[in-house]
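Please examine the structure shown below. The paragraphs after it lead through selected local environments in turn.

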Amino acid sequence: MTRSSVKLFYSMRNSRLFYVLAFIAVQIICGGLRLPGDQNVEGTGGSPARERVSINEGWRFMRYTGEPDKLIYDERPTVSDRNDNKVADTKPSEEVIATSSENVLKKWILPTANDFINDPAKHHQRPNGNPGSDFLFVQNNFNDNAWETVNLPHDWAIKGPFYKEANAIVGGGMGRLPVQGVGWYRRKLDIPSSDASKSIYLDIDGAMSYAMVWLNGNLVGGWPYGYNSFRLDLTPYIKPGGDNQLAIRIDNPANSSRWYPGAGIYRNVWLTKLNPVHVAQWGTFIRTRNVSAASATIDLIVQLENKSSANQAVTLVTEIYRLNDQLERAGKAGNFPNSALVVQTGEKSKAESSLTIKNPLLWGPRPSQRPNLYVAVTRLYSKGKIIDEYETRFGIRSVKFDPVKGVLVNDRAVRIQGVNQHHDLGALGAAFNKRAAERQLEILAEMGCNAIRMAHNPPAPELLDLTDRMGFLVIDEIFDCWERGKTPLDFHLIFPDWHEADTRTFIRRDRNHPSVIAWSFGNEVGEQYTADAGAALAKQLHDIVREEDDTRPATASMNYAKPEMPFPQVMDVISLNYQGEGIRDAPAYSQLKGIKTSPLYPAFQKQFPGKLIVSSETASALSTRGTYLFPVVDDISAPVSDSTGGDPQREYVSAYELYTAAFGASPDKVFASQDKHPYVAGEFVWSGWDYLGEPTPYYSARSSYCGIIDLAGFKKDRFYLYQSRWRSDFRMVHILPHWTWPERLGQVTPVHVFTSGDEVELFLNGRSLGKKKKAAFEYRLRWDDVKYEPGELKAVAYKNVQRWAEEKVMTTGKPAQLTLNADRYLISADGEDLSFIRATVTDEKGLAVPVATNSITFSVDGPGKIVATDNGDPADLLAFASKERTAYSGMALVIVRSEKGRAGDIKIIASSPGLKPSSVIIKNQPVLVH
């Protein structure tokens, strides 16, 4: 020890930091401290029985800028001209021409699906040969130092730049970002000699798309569908005792999606090391029945797999523990009876058992119930020694689907107050980040949302962990199309080969999540139009779902199928997109072309009196935050156009929250239709947040207009309309528009008010403009003849005659300064945690200036990094990675990520010419995971 280090030791010995560091050191030495992602369980001979290790860090990445290699999954149609990815109504085969390749690897990839194809006669046989083995990028000795170093999850497209041209290779439909092309990921795996007897698997939670994997020059397998999780057995190709070269090829075509899909290995990747006899992938299924506050019966199925060369006798032991709010074990709740069985070599075996526990803590949705969780710990023993340990988190609850009362959770009616969510995380793209997803859910919960429909694909598994913990109900969905595609290169190309495997993996992965209450195996599929043939395919998928899980209903959402058609007869639940409230049936929509449908709730209820009805998509209302256009329509719902509610030059849609897509309806219209048909179980609004792609009505933009919350996470006025309905006991009143209109002096400027009360009095500069009370099927109060004068607008809300809530809106001065506010001022130094910081342009009095468009520059000092900026403007085509951002309706966002292992203060500074700057401190704290 040097003299300086001795001096440092003695100077620290009386500090709290000294004892914290000493504790950590002892814990590491004694093996009592686990790092994130380290889930080792001690097994025979002191080696881990099950080791699941994150391999997200330290990848090399390259995306072709020119012609890619020829190692393709399959011959693919080539789009004859560029396409903006608007919805296609029929198969796109007429739009494509064929190409060919001598390096089609499909026959080597298909066997990856075999574990999820029930009929052995349909299993795929791997051909002889090792295609791609001579390709440079799969070789151990290839020098990839010139490639980019990345950590996963990784979305190669999100850094941009945006395509701005009219006839872009990737248009507005897919977000105008460079998702297309072929990319390669490479990483060394250090496999010690002690793992020579292990089964070693690569678990990929999601790769967009057509993933193909090589290890040490050997083609292992792959999975085409970008949203599904999958496993590959690396064992035959592993070289224990040194580095093993992993190489993954990703091929993401343009014209393959209706929204932004992301690109690359955009979810977590794991290396799982097991003894040859172990619990199979997603190998447990827990069901609960006879659930009450007094007791509940829990059924457990465990599937074991024997990869060894001999039959093996094993004993299965499973214990149940309660989990606290930190997901730590908080007491033992029971033991399943032990199971003894012999697992045949090369085979799988199932063990089933049940137990009844007393006084269970039930899982239920907030706010009326608590999302209590348990964990089942399954241990596998051979000759008295543990050879595997597997944890299954679950909840105890009952869910019933009553055609009159709606959804009953634990025998209590829960109205569905839901939203649809696409998978991107705004400026972060498709690369999954737990904190970003949690923030989305937190803001939705503040609005009163209690349910999420995963539109239109399996989510990251961690998102369902969040909905379990936070108490959301979930409709888990897998396909946006079947055999009839919506874009030229979407899933319909691989559906015949992969639909069974994709469906079974989807169900097995997610079926233990208590938040999942129903499965959706299709969204607005073209097979609605094909009568009996479409219904037959729907029945095939429905039956696959129910084979995997008979405890939840299976359905597909319908925007065309009518009650008398065969398609809806297949469904366990009637899941309607827009048809419930009617499509193009209001007066303002009469001039539009397209399907016109009167509200179909009554017709579906008459045809299917025993089935629950839910609206799986409603509204598709459109707006840009804080932008108000005049005049304002008198109707409660109107389609946006360039002359009504829309501004094509600035690509605005009026924020009066009355304007919709051509097939849509305002929230007011939806609320009225549902209230007139109280047997409807509720709704999933399209959409909760704005998302990348699908920017109706302006496809020169980058992101959608239909979110209740904009892409940056800022609340649109519509947020408060839903909050006023969904949180009727929450004291709130909200005024729109803002009241800074120097150019409108003396002009009519309508004022609308949303409130959870039933009556409002409006004041302008102290003068009462009258008191108004909500009538039946009325959800906003309107003062449409107010003439603008600067000053103060005040709304006083009443409920049952009693004063309920109050809000003021003031005319502001000129921009004078910036203000920064973070969603969290304390984050973890794990290299993944985020702080979302809102920059607001304010006047000298500190009032937010709602019309400010100042350019803001962000900088950071300390152990953090700016990863993205945004402002919620769908038409802003400045790359998200830019540290400069123009305020939109007075606000902008900066997202800061922690640096791994570096504790300390992160200082974020915002500046703008002519404005007083602002700064904020975020504390980056050490991470300890016990």
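The following account considers two loop residues and one helix.

The model is predicted, and the account begins with Thr-112. This residue is located in the loop that runs between helix H3 (106-109) and strand E6 (148-150). Its relative accessible area is 15%, and because buried denotes a value under 20%, Thr-112 is classed as buried. The side chain of Thr-112 approaches the backbone oxygen of Ile-109 to 3.0 Å. When neighbours within four places in sequence are set aside, Thr-112 is in contact with Gly-221, Gly-222, Trp-223, Arg-231 and Leu-232.

The next residue is Gln-579, which belongs to the loop between strand E30 (574-577) and helix H8 (601-607). Is Gln-579 buried or exposed? Gln-579 counts as buried because its relative accessibility is 0%. Leaving out residues up to four places away in sequence, Gln-579 touches Met-558, Asn-559, Tyr-560, Ala-561 and Lys-562, together with Thr-597, Ser-598, Pro-599 and Leu-600. With Met-558 there is also a polar contact: a polar atom of the Gln-579 side chain lies 3.1 Å from the backbone oxygen of Met-558. Ser-615 is 36 residues from Gln-579 along the chain, and the C-alpha atoms of these two residues are separated by 8.2 Å.

The last element is helix H10, which spans residues 717-726. This helix is mostly covered, with eight of its 10 residues buried. The buried residues of H10 are Asp-717, Arg-718, Phe-719, Leu-721, Tyr-722, Gln-723, Ser-724 and Trp-726.

Terms used: Residues are numbered from 1 along each chain as its sequence is written. This is a predicted model: local features need pLDDT of at least 70, side-chain atom pairs count only at pLDDT 80 or more; totals for chains, interfaces and linings use all residues. Side-chain values use heavy atoms; hydrogens and water are left out. Buried means under 20% relative accessible area, exposed over 50%, partly exposed in between (1.4 Å probe, protein chains only). Helices (H or I, at least four residues) and strands (E, at least two) are DSSP runs, numbered from the N terminus. Contact means heavy atoms within 4.5 Å. A polar contact is a pair of N or O atoms within 3.5 Å; within protein, one must be able to donate a hydrogen and the other to accept it, and residues adjacent in sequence count only if both atoms are side-chain atoms.
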